[in-house]
Each structure stands twice: as C-alpha cells, then as structure tokens.
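Trainee: I would like to go through this model with you step by step, starting from one strand pairing and working outwards.

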Amino acid sequence: MAEGVHLTTPLTDEVIDTLTIGTHVTFTGVIYTARDAAHKRLIELMKNGQELPVDLRGQVIYYVGPTPPRPGAVIGSAGPTTAMRLDPYTIPMLELGLKGIIGKGGRGPAIREAIKQHHAVYCIAVGGAGALLNRHIKSAEVVAFEDLGTEAIRRLGVEGFPAIVVNDCRGNDLLESGKAQYRTSERPIPAVKSLGG
Amino acid sequence: MREITAGQITETVARLAVEATHFLPEDVEGAIRSAKTTERNPLAVQILEEILENAEIARTRMLPLCQDTGSAVVHVEIGQDVHVTGGYLIDAINEGIRRGYGEGFLRKSIAARPFSARTNTGDNTPGIIHTEIVPGDQLKLHFMPKGGGCENMSRYQNFLPGMGKAAVIDFVCETVDMSGGNPCPPLVIGVGIGGTAEKAMTMAKHTLFRKIGSRHPDEEVAALEDELLEAVNALGVGPQAVGGSTTALDVFVDTFPTHITALPVAVNIQCHSARTKEAVL
C-alpha cells in the first residue's frame, strides 16, 4: 500500500485545500459510521427541529455496516458501502459542517457540486477490503440508533485508515478523469446519474 | 433411492456460509494476481494489491472478506433418486443459513417487508433458494453470499428479435459503464440470453458459479464471452472505477431458446469478492 498523506480528524479547511484527486490519504482520530437507515433518521430529526446525536462540524462520516465482532474483537469486517445511495441525504449533512466522507463508487453531479461548495472531500476506501480495513479500527462505540444494528451510528477510533481522494474541494472527480484516461472504447461515455434519482 | 437427512443439509449449508465468506476462491485470487501484471494504471495496481492483502487477512484472521456477507443464494441440484428425510429441504437450508450466519459472526442483511417496515429478519433468512431436479442420486449445494452493491446493478431488457449480438454487447457495456464503482470492480459478469424474463436472469445468476477462465461448451457462445470481456475492459472503468484496463475478470454467458417475438437479455453482476462454495452430498 502506498504511503499516504496523514490526516487527523476533525478536518480543517486548510487541510482540505491541500487534497487533490488520486491522493492516498490515511485517517487517524475519530470518524462516524452512518448508512441509509441512520441518514434517514438524521434527516427526520432535522425536519422536526430536534438535536442530532452527533455534532458534524469538521467531522468525517464513513458509509459502513460492519459484521459483528468476534468475542474480544473491536469490530468485524468493515469496508465501505455504495456512496451514491446516500446522495439524497448528503447535502443537509454538508450544510451542518460535515467535511469528509468515505465510501465507495462515485457521486452524482449535485453532490460533486455540493462538496465543492461546502469545501469538503469525498474519498473511497477499497470496497470489498473489509478485513484489511478492520485492522485500522482501534475502537468502536454505538452513539445513536442502536436498534438499527449494523446500521447504527458508531464512533470509530481509527489509525492510519487508508483511502483515496475522489472528489476534492475544487470540483475534480477521479473516477471521471480515470475512465477518460484509460478508455480505449469508441463508445460514448454515459452521463453519471445518482441512484434512485 | 438414496436417503440424505435434513440435518446433513443444514450442517453443510452452515459450513459453506462460513467458508464462502472467508476464503476467496483460488480461481478468483489467481485472476486478480494475473490482472496485477497487465493493469496499466498504477493506482489500480495498488488497489488490486490491497484486494489480495485483504484475502490473506480474511483467511488467516477469520474475518469476512467483505462486511456485506450478502443475500444467501443457494442453488440446489437434487438427483431424482434422492430422498430427503427428517425434514423439509427448504427448512433445512434456511436452518443452515441461520446457523452459519450466527456462528460465523456474519452480517445479517435481510429486511422483511421490503416496501414498508424493512425489519431485519435477524438471521439472514430466508435464503434465495433455487432447486433443480437432475439425474442421479447426489445432492449438490452451490452457495453464493451475494453482495447488495453488485446485485443492485443487475439489469434486464428485451430487445427486438432481429437485433442480435450487437444489442447484447451494447447492453452489457452500458450496464457496466453506468454502474461505475458501485458494484466493486473488477467484476465477474453473468449474462443470460433468451428464454423469458425470469429464465434469462436465472441463467445470468447461475453462470456466476462458473470458474474464472472457463468457457461455454458452445463455440459461438464462448466467442461471445471473449468478445464481451474485451469490450468491457476497453471501457476504462478499472478497479474501484479509478480508471484502468481491468474492469472485469471474466464474462460468462448462457443461452436458451426464446419466443419468436423476443430477445431477452439479463445481466447479473458479481463484485471482485466473487465468493462461491460448493458441496456434494
């Protein structure tokens, strides 16, 4: 694995400025897990004017639903889930000050724009590498929605958690430029669309 | 008539669930290793290395390869001279899933009442069980923990009967192109052509039990598999969609005669964690 740019959470605007697409990064500090069901509840809380269980300012959300830990272990296998499914929920999170997101796959055009507008960063961890990523998670504690099981919000303590920058704060997209660079097909590239959108 | 007990079936399914989710099949690992030598994008090569390292960690530390331990897809080939005793076959398989996902610390990912409550069933049952009666006195179990990210990128379309091979290639390429990183490339792609809608999709799914590098016995179909693999790998999607020459590890096709009005095409996508395991009783 390539040596990455070391990031400690929470993220500052100055650090986000330095990140460009294709850069390997490693996260150390606290990150929060949330997937579809947790996002849906966060949005409902916001609609009802209630306080959220986590202050998102400067924070990083990791889209993951881990396997249960074996006895004595901190967490099970814990790789990223498809980020595009979270597109419908992402803009309100950025508006609350969320600065970093870790998932897999690309984002729809509206989210790329919002990431730029809110001066944030979207990274991918390698999807399907949940055993490898487990090794970088040193603590895990449920902080909200325990009834959601694997989809509960967890506070993870991570060390050197590896990821790659896909959408930077200048509106660049690694997946778009990567495909264009390595495409030998004559077929026209279809437009990227958010899932369910 | 040969007797096989429900208990044997349960025990076998439980074992297959744990083994399939922890041990990457040799043919898949070999294909990733080989892709590492041909991949043009250095960033993509690093991703392939991480995938191999992940397989090693999963195997040696008994951690699931991926946190998405899937819908439990079980294809059972039942010899017509087999008599299952001591319980109902489907119950026996679901009990095996329940036990394997519980004792193996696997993720339970099945939501009941899909359009409303979406309550987790808590034990990853019910499995998606396909039964097929075959000649002989053996019972063969094929197990596939099928992840949501790739399954969700499945597509079906019926084309005009005269549209032929070009329609198939366009449809498969468009599906892979639009899916991007969502299904976790490099992929294994299953394609079913012909039959009816459900027949086409079932064929597409069943091809994913084949070994990487194997080819359909029919020469024309085998040639289409090669052509599709080349077309998909020219798209530039690459591992995890960061760009690259390795978008798919293989493409498998199966066909069935179809109605004079139809050209059904189904695509079922498998991620690089192409987990399958079989047992014969």
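Trainee: Which residue in β11(B) is the bridge partner of B:Gln157?

Mentor: Bear in mind throughout that this is a predicted model. Strand β8(B) is joined by five bridges to strand β11 of chain B, residues 263-270, and the two run antiparallel. Within β11(B), the residue that partners B:Gln157 in a bridge is B:Val265.

Trainee: In what order do the four strands of the open sheet in chain B lie?

Mentor: Strands β8 (155-159) and β10 (248-256) of chain B have a single partner strand each, so they stand at the edges, with one side left without a neighbour in the sheet. The pairing in this open sheet of chain B is mixed, and the order of its strands is β8-β11-β9-β10.

Trainee: By how many degrees are neighbouring strands of this sheet turned against each other on average, and which helix packs on the sheet?

Mentor: With direction ignored, the average turn between neighbouring strands of this sheet is 15°. The element packing on the sheet touches β8, β9 (187-194), β10 and β11 of chain B, and its direction makes about 150° with that of β9(B); this is helix α7 of chain B, residues 197-207.

Trainee: How much area is buried between domain 1 of chain B and domain 2 of chain B?

Mentor: Chain B is divided into domain 1, covering 2-20 + 65-146, and domain 2, covering 149-274, and their centres, taken over C-alpha atoms, are separated by 26 Å. Nine residues of domain 1 of chain B are in contact with 12 residues of domain 2 of chain B. Carbon and sulfur atoms give 65% of the area buried between these two domains of chain B, which is about 830 Å².

Trainee: Which residues in domain 1 of chain B lose the most area to domain 2 of chain B?

Mentor: Together they account for 61% of what the domain 1 side of chain B buries, and they are B:His130, B:Met144 and B:Lys146.
That last residue also takes part in a salt bridge, in which the side chains of B:Lys146 and B:Glu151 meet at 2.8 Å, N to O.
The three residues asked for are therefore, as the area lost to domain 2 of chain B shows, B:His130, B:Met144 and B:Lys146.

Trainee: Which strand supplies the largest share of the side of domain 1 of chain B that touches domain 2 of chain B?

Mentor: Two residue pairs are in polar contact across this interface of chain B, both at pLDDT 80 or more. On the domain 1 side, β2 (71-79) and β7 (139-146) of chain B each supply at least two residues. The largest share, four residues, comes from β7(B).

How values were computed: Residues are numbered from 1 along each chain as its sequence is written. Chains are lettered from A and ligands numbered from 1 in the order in which they are written. This is a predicted model: local features need pLDDT of at least 70, side-chain atom pairs count only at pLDDT 80 or more; totals for chains, interfaces and linings use all residues. Side-chain values use heavy atoms; hydrogens and water are left out. Two strands pair if DSSP finds at least two bridges between them. Axes are lines fitted to C-alpha atoms, for helices over the stretch in contact, and angles run from 0 to 180 degrees between N-to-C directions. Contact means heavy atoms within 4.5 Å. Domain bounds come from an automatic or database domain assignment. Buried area is the accessible area (1.4 Å probe) that two parts lose on being put together, summed over both. A salt bridge is a side-chain nitrogen of Lys or Arg within 4 Å of a carboxyl oxygen of Asp or Glu. A polar contact is a pair of N or O atoms within 3.5 Å; within protein, one must be able to donate a hydrogen and the other to accept it, and residues adjacent in sequence count only if both atoms are side-chain atoms.
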